[in-house]
Amino acid sequence: RHVVCYLARELLRLSYPTVGRVLKYRDHTTAFYAVRKIASLIRDDAGVAAEISLLRQIVLHDPEVWHG
């Protein structure tokens, strides 16, 4: 869920309140925390950075993601 939050902010440029509502968070500060947490993990862990990069590429470039 944190990764979805991070990608929503990074790829869709959604506001924290919007991300919070979509993901059913109690308020926008949870979305803010989630994005900061994933950004920190990406910075500190090459494995996490690679996984997030792969997910980003799949979401942006794999038509099967959107058309099943």
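Here is a short conversation about how helices α1 and α4 pack in this predicted model.

Student: How are α1 and α4 oriented to each other: parallel, antiparallel, perpendicular or oblique?

Tutor: Good place to start! Two packed helices are described by the angle between their axes and the distance between the axes. The axes of α1 (residues 2-12) and α4 (residues 46-61) come within 11 Å and cross at roughly 60 degrees. Angles of 65 to 115 degrees would count as roughly perpendicular, and those under 35 as roughly parallel. The two helices are therefore oblique.

Student: Which class of residue makes up most of the contact of α1 with α4?

Tutor: Let's look at both sides. From α1 come Val3, Tyr6, Leu7 and Leu11, and they meet Ile52, Leu55, Arg56, Val59 and Leu60 of α4. By class there are one charged residue, no polar ones and eight that are nonpolar.

Student: Is Val59 buried, partly exposed or exposed?

Tutor: Val59 sits in helix α4, and its C-alpha lies 9.3 Å from that of Leu7, although 52 residues separate them in sequence. Buried would require under 20% relative accessible area, and exposed over 50%. Val59 has 25%, so it is partly exposed.

Student: Which helices do the buried residues of α1 pack against?

Tutor: Happily, this one can be traced on the structure. The buried residues in α1 are Cys5, Tyr6, Leu7 and Ala8. Their packing partners are α2 (16-22), α3 (28-44) and α4.

Student: And which residue with a positive phi follows α1?

Tutor: Step just past the end of the helix. The phi there is near 60 degrees, and the residue is Arg13.

Conventions
Residues are numbered from 1 along each chain as its sequence is written. This is a predicted model: local features need pLDDT of at least 70, side-chain atom pairs count only at pLDDT 80 or more; totals for chains, interfaces and linings use all residues. Side-chain values use heavy atoms; hydrogens and water are left out. Axes are lines fitted to C-alpha atoms, for helices over the stretch in contact, and angles run from 0 to 180 degrees between N-to-C directions. Helices (H or I, at least four residues) and strands (E, at least two) are DSSP runs, numbered from the N terminus. Angles under 35 degrees count as roughly parallel, over 145 as roughly antiparallel, 65 to 115 as roughly perpendicular and the rest as oblique. Contact means heavy atoms within 4.5 Å. Ala, Val, Leu, Ile, Met, Phe, Trp, Tyr, Cys and Pro count as nonpolar, Asp, Glu, Lys and Arg as charged, and the others, Gly among them, as polar. Buried means under 20% relative accessible area, exposed over 50%, partly exposed in between (1.4 Å probe, protein chains only).
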